[in-house]
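Q: Could you take me on a close look at the largest pocket of this protein, and at how it fits in with the other empty spaces? I am a first-year student, so please go step by step.

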Amino acid sequence: MAVHDRSRGHDLAALRDLNSSVVLRELRRESPRTVSGLAGATGLSRPTVEALVEQLTAQGWIAEADVPATGRAPGRPARRFRFRAEAGHVVGVDVGLKEIVLLLGRLDGQIVARARHRIAREATGAERIELLRGHLRSFLAGQGLGPHDVWSLGVGVPGMVGETGRIRSVIVPDWTDLDLARRLADDFPGTGRILVENDVNLAVLAEHWRGTAQLADDVACVLLGPRISCGLMIDGRLHRGRRGGAGELGYLPQLGLEQVKKGFDRAGERLPGESATDALARAVRTGEAGALDVLDRFLAGVAPAVAALVLALDPELVVLSGPLAPVGDSLATLLSAHLGPLTLHVPRLAISTLGREGVALGAVRRALDAAEARLPGQRNGATD
């Protein structure tokens, strides 16, 4: 009999957790909501929802929302509740060759702080790690937060990243076979997870979440610049490949991309601190003589690699990102013309609108997915 009671107690606790997760999920989807609204949306009885709301309020997951004064009839207004997105934070980081981009997000994905810091291109791998640590500390301190306030940390890096998070490329000096998450673990002892991922993989996540690919599930995000690479999404899920190398077009010498990238060298004037690709994008936008021809030659050289990708994946959308994205629609127009003779059909091409924050935004999305584990009873369905 005692065993049966323990079993029954366990079942009831599991049921409460399950129903709590359903109520919390509804409030995360739409806030604020009344108890009646939650009961209707979840299919749970009103008494059950009332008990769960009180429990989640006491635990700090939800709070009663302020009700603005209106011209409604006299009487006590229905209580409305909201998900406390400020109950936790995640950080997304893009560690590039020339700069670090940091974003601080709440649990609802709202970005509440951002920062960018330049990195000397000649900085060693060890120096880059120390810079990253220092910038993370000061970034959080500037928001009145500490490492213990970060639920999860997403970090984007250039080059291939294995399934365990080890960096498998030589793009960043001294970072080959580096376990960056382990190097940062001492700085974030209370963080549930530190996730390291290829930067273009994070870029395609960001495009699907907040960018031009929100309505597409088969997507290729192509980075166009000094480095040419691609992030892939199939059926709405990131496709990394067996060892994390999916989309690494630049590694195949037969495509001739190294030679193509030399096309950025041009006689045009550069502004202080401006890269060759940034200068080309600016020159095209301002209508500088000859700039469009330089861009067209570059895209003609890139087109065979993109065509091979299109023929293999047949995506519904190709997003063009990277330092050339500011060129705008002419980038897609020129590339489309070169793809026509090489593919069975030219997929829809779109220009990324996320700018320099695309990778860091994808890192926030990755960190939010990891943070889900800390929310009450993350299982689907409900029973009353």
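**A close look at the largest pocket**

A: Happy to! Let's begin on the outside: the accessible surface of this predicted model comes to about 18,700 Å², and carbon and sulfur atoms account for 51% of that area. The protein has 384 residues, and 49% of them count as buried. Its secondary structure consists of eleven helices and 13 strands. If you take the contacts between residues at least 6 apart in sequence, 65% of them join residues at least 24 apart.

Now to the empty spaces. Rolling a probe the size of a water molecule over the atoms shows where empty space is left.

The part you asked about, the largest pocket, has a volume of about 1,200 Å³. Its lining is made up of 44 residues. To find the middle on your screen, look for Leu 223, Pro 226, Gly 322, Pro 323 and Arg 356, which lie nearest the centre of this pocket. Several elements give two or more residues to the lining: the strands β5 (99-106) and β6 (111-118), and the helices α6 (199-210), α8 (276-285) and α11 (358-371). Of these, α8 gives the most, with five residues. What kinds of residues are they? The lining of the largest pocket divides into 17 charged, 15 nonpolar and twelve polar residues.

Next, the second largest pocket, which holds about 220 Å³ of space. Here you meet α6 and α11 again, since each of them, like β11 (237-239), supplies at least two lining residues. The largest share, three residues, comes from α6. Among the residues that line this second pocket are Leu 205, His 208, Trp 209, Arg 365 and Asp 369. Four of its lining residues are nonpolar, four are charged and two are polar.

Finally, there are enclosed spaces too. A search of the whole structure finds two cavities of 30 Å³ or more. The largest cavity contains about 50 Å³ of space. Around it you will find Arg 28, Leu 107, Trp 151, Leu 368, Ala 371, Glu 372 and Leu 375. This cavity lining has five nonpolar residues, two charged ones and no polar ones.

To put the picture together, come back to the largest pocket: about 1,200 Å³ of space, with α8 as the element that gives the most to its lining. The helices α6 and α11 give residues to this pocket and also to the second largest one.

How values were computed:
Residues are numbered from 1 along each chain as its sequence is written. This is a predicted model: local features need pLDDT of at least 70, side-chain atom pairs count only at pLDDT 80 or more; totals for chains, interfaces and linings use all residues. Side-chain values use heavy atoms; hydrogens and water are left out. On a 1 Å grid over the protein atoms alone, a cavity is a set of points where a 1.4 Å probe fits but cannot get out, and a pocket is an open set with protein on both sides within 12 Å along at least five of seven lines; lining residues have an atom within 4 Å of a point. Grid points are joined across faces, edges and corners, and a volume is the space filled by probe spheres set on the points. Ala, Val, Leu, Ile, Met, Phe, Trp, Tyr, Cys and Pro count as nonpolar, Asp, Glu, Lys and Arg as charged, and the others, Gly among them, as polar. Helices (H or I, at least four residues) and strands (E, at least two) are DSSP runs, numbered from the N terminus. Buried means under 20% relative accessible area, exposed over 50%, partly exposed in between (1.4 Å probe, protein chains only). Contact means heavy atoms within 4.5 Å. Accessible areas come from the Shrake-Rupley method with a 1.4 Å probe; for residues, only the protein chains shown count as cover.
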